[in-house]
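Visitor: Could you take me through one small part of this model in detail? I'd like to see what a single residue touches, and then how the strands around that spot are put together.

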Amino acid sequence: MKGLWFTELQTPTIALSCRVKQTLHWEKTPYQELAILDTEPFGRILTLDGVIQTTVADEFVYHEMITWVALNTHPEPRRVLIIGGGDGGALREVVKHPAVELATLVEIDRRVVEVCRQYLPEIASAFAHPKARILFEDGVAHVRGQVAAYDLIIVDSTDPVGPAEGLFTAAFYGDVYRALRPDGIFVAQTESPFFNQELLRRIYLDVSALFPVSKVYLAPVPTYPGGLWSFTLGSKRHDPAAVKPTLPPGVSTRYYNPDVHRAALVLPNFVRELLKP
Ligand code: SPD
């Protein structure tokens with residue numbers, strides 16, 4: 001293989017490699033190793049500790065699906081909290097919704113935001129939006145201090161190792177429940193349904209124990225392990241499978257639409273089995 005290649009060891013026995021045109025940025029922040037690479041197949045990519053977080057080629061699927069299923073389930077999502085999401089993709093989607101008055105993004109690592117603003121402007125396009133409030137602090141601590149403060153809480157985290165570990169615990173989900181308003185909705189990225197089955201099952205059962213409505217839904221993200229990604233949603237009142245999702249006028253998306261919303265909630269048998277109590 002000629003040239004420079006980036007390789008992510010996605011599981012102990014599987015790797016994804018892609019050819020790199022140029023390393024645009026590399027640094028060690030106080031939290032992690034951060035790189036922006038320009039790659040042949042995916043364009044610019046953000047990696048943290050050697051793990052692909054987002055690519056300009058497929059980010060729209062992930063960022064639309066982590067936001068719009070909940071945005072379109074809640075009748076009036078006025079106050080939205082995003083935990084993590086330092087590349088800005090989830091924020092870009094949330095501020096599109098006309099009902100959103102304030103989108104608070106809590107990111108522990110300031111450098112992720114600064115570097116993405118510089119190198120990934122199409123993803124990091126909403127940091128200066130008038131509805132956006134950016135806090136550089138620990139998401140777990142932020143949520144612990146809130147009571148009935150948010151309509152939606154979206155956890156757009158890295159994998160459950162290092163800085164993000166606390167975002168995958170039952171204690172954190174309890175704090176999220178308290179931080180949500182009486183008809184609030186929680187959604188989190190919950191890894192691969194092929195390679196993280198125990199984790200996905202445990203999160204779903206923890207979320208189901210708290211929220212009257214709990215769902216897992218799936219979307220394809222080619223650069224994530226296995227290519228199929230899971231999201232877990234807990235809702236105090238509104239059921240994403242029962243609502244008739246419609247995109248607000250003027251909002252345009254590349255992947256999400258109301259049919260995709262409904263279809264994403266239909267699970268294959270092996271995932272249904274996995275989630276059985
Ligand atoms: N295996 C990588 C999973 C990363 C999920 N979150 C990415 C954040 C993109 N905004």
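Guide: Let's start with a side-chain pair: Thr55 and Asp58 are joined by a polar contact of 2.7 Å. Bear in mind that this is a predicted model, so that distance, like everything else here, is computed. Thr55 belongs to strand 5, which covers residues 51-55. Is Thr55 buried or exposed? Its relative accessible area is 0%, and because buried means under 20%, Thr55 counts as buried. If you skip the neighbours within four places in sequence, the residues in contact with Thr55 are Phe42, Arg44, Ile45 and Thr223.

Now move over to strand 4, residues 43-48. Strand 4 and strand 5 pair in the antiparallel sense, over 4 bridges, with Leu46 standing opposite Thr54 of strand 5. These two strands make a hairpin with 2 residues between them, and Asp49 in the turn has a positive phi of about 50°.

On to strand 3, residues 33-39: it also pairs with strand 4 in the antiparallel sense, here over 6 bridges. Arg44, which we met among the contacts of Thr55, sits in strand 4 opposite Asp38. Strand 3 and strand 4 form a hairpin too, with 3 residues between them.

So how enclosed is strand 4? Of its 6 residues, 5 are buried, so the rest of the structure largely encloses strand 4.

Key
Residues are numbered from 1 along each chain as its sequence is written. This is a predicted model: local features need pLDDT of at least 70, side-chain atom pairs count only at pLDDT 80 or more; totals for chains, interfaces and linings use all residues. Side-chain values use heavy atoms; hydrogens and water are left out. Buried means under 20% relative accessible area, exposed over 50%, partly exposed in between (1.4 Å probe, protein chains only). A polar contact is a pair of N or O atoms within 3.5 Å; within protein, one must be able to donate a hydrogen and the other to accept it, and residues adjacent in sequence count only if both atoms are side-chain atoms. Contact means heavy atoms within 4.5 Å. Two strands pair if DSSP finds at least two bridges between them.
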